[in-house]
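Hi everyone, thanks for making time today. I'd like to walk you through one structure, so please have the viewer open.

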Amino acid sequence: MAIQWFPGHMTKARRQIEDKLKLIDVCIELLDSRLPLSSRNPMIDDILRDKPRLIILNKADLADPEATRKWLAFFKAEGHVAHPVDAATGTGIKDIPEQVKLLLKDKIDRQIAKGMNPRPSRALIVGIPNVGKSTLINRMAGKNIAATGDRPGVTKGQQWIKTGGNLELLDTPGILWPKFEDQEVGYRLAVTGAIKEEILNIEDIAFFAVKYLVKDYGASFQERFGIEKLPEDLKNPDEIVAVMEAVGRKRGCLISGGRVDLEKASRILLHDLRAGKLGRFTLETP
């Protein structure tokens, strides 16, 4: 199944970002810690051009900590400042204004040297759908200003938001890119909820997740679903179905004739995965 999702408002969002760039001092690029590369929109580099950038690895509480350390080293080697946070609980949020200040130090110093009183820095928040932009903004603002939700596409427009620090934020809708050259990118995004489920075959997405989880996080998978033995290699599609059927039986997803409702079992698996109930995991490493 080929996965693509690029609704009209995303094209509009790109144009709005480009129009606002001249007002922006710094960009805060929000990525999902569980898939930092797949959640990184390749169009952003072209859109932002030479603007200073702070990379935020959100949902770090759900990601494999060792993998997150590798990603932080990867971005540092690329010349970027990267910082892990958990916007849902606020962990790491208080450090963001200081990180922005350090990125803009030369510009602020020049303003002070000219006798100017530096105005609040203006930051553009960008990221793909459902990566946690609005949750991050609400944490930084100290109140619920930006609309949030556990589904992609909640934010539809732009708005300036003041924070308690010397920083103003511009919220933008999440934007994907028109075509995934690597279809596994689309599947990883779908697993974490970045793509609307209405356009997906939910069983395909769950089967993809199972293949990865059993390989790298088999013990957590077994513990969560009470499965005694897992196949060592899930290259055979029948084995993937067998694992999903075992999940369905453990969760009571049975229909007439004792068969397993694979769609229902798939939704349960993805819900547990996204909620962190299978433990901390990362779907890709540098």
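What share of the 286 residues in the protein chain is buried? The figure is 48%. Please keep in mind as we go that this is a predicted model.

Let me start with the overall picture. The protein chain has 10 helices and six strands. If we take contacts between residues at least 6 apart in sequence, 68% of them join residues at least 24 apart. As for the outside, the accessible surface comes to about 14,000 Å², and carbon and sulfur atoms account for 49% of that.

Now to the sites that come with a label. The UniProt record, which is an unreviewed entry, carries a "binding site" annotation. It covers N58, K59, A60, D61, N130, V131, G132, K133, S134, T135 and G174. Let's visit some of these in turn.

Find the loop between strand 2, residues 53–58, and helix 3, residues 65–77; A60 sits there. K59 is in the loop between strand 2 and helix 3 as well. Is K59 buried or exposed? With a relative accessibility of 16%, K59 counts as buried. Its backbone deserves a look too: K59 is not a glycine, yet its phi is positive, at about 60°. A60 is buried because its relative accessible area is 13%, which falls under the 20% cut-off. Setting aside residues up to four places away in sequence, A60 touches S33, P84, V85 and R280.

Next, please move to the loop between strand 4, residues 121–127, and helix 6, where you will find G132. N130 belongs to the loop between strand 4 and helix 6 too. N130 has a relative accessible area of 19%, so it is classed as buried, the limit being under 20%. Phi of N130 is positive, near 65°, and N130 is a residue other than glycine. G132 is buried as well, at 16% relative accessibility. Which residues does G132 contact, leaving aside neighbours within four places in sequence? They are L30, N58 and A87. Of these, N58 is itself covered by the "binding site" annotation.

That loop brings us to helix 6, residues 133–141. Seven of its nine residues are buried, so helix 6 is largely enclosed by the rest of the structure. The buried ones are K133, S134, L136, I137, N138, M140 and A141. Among them, K133 and S134 also appear in the UniProt annotation. Just after helix 6 comes G142, with a positive phi near 80°.

Let's turn to empty space. Rolling a probe the size of a water molecule over the atoms reveals where such space remains. The second largest pocket has a volume of about 350 Å³. It is lined by 16 residues, and those closest to its centre are E184, F208, K211, Y212 and K215. Which helix gives the most to this lining? Helix 8 does, with seven residues. Helix 7, at 183–191, and helix 8, at 202–225, each supply at least two residues. By class, the lining holds eight nonpolar, eight charged and no polar residues.

One last stop: D272, in helix 10, residues 262–274. D272 is buried, with a relative accessible area of 3%. Beyond residues up to four places away in sequence, D272 touches R224, F225, R251, K277 and L278.

That's my tour, and thanks for listening!

Terms used
Residues are numbered from 1 along each chain as its sequence is written. This is a predicted model: local features need pLDDT of at least 70, side-chain atom pairs count only at pLDDT 80 or more; totals for chains, interfaces and linings use all residues. Side-chain values use heavy atoms; hydrogens and water are left out. Buried means under 20% relative accessible area, exposed over 50%, partly exposed in between (1.4 Å probe, protein chains only). Helices (H or I, at least four residues) and strands (E, at least two) are DSSP runs, numbered from the N terminus. Contact means heavy atoms within 4.5 Å. Accessible areas come from the Shrake-Rupley method with a 1.4 Å probe; for residues, only the protein chains shown count as cover. On a 1 Å grid over the protein atoms alone, a cavity is a set of points where a 1.4 Å probe fits but cannot get out, and a pocket is an open set with protein on both sides within 12 Å along at least five of seven lines; lining residues have an atom within 4 Å of a point. Grid points are joined across faces, edges and corners, and a volume is the space filled by probe spheres set on the points. Ala, Val, Leu, Ile, Met, Phe, Trp, Tyr, Cys and Pro count as nonpolar, Asp, Glu, Lys and Arg as charged, and the others, Gly among them, as polar. UniProt positions are given in the numbering used here, feature names are shortened, and annotations may be inferred rather than shown by experiment.
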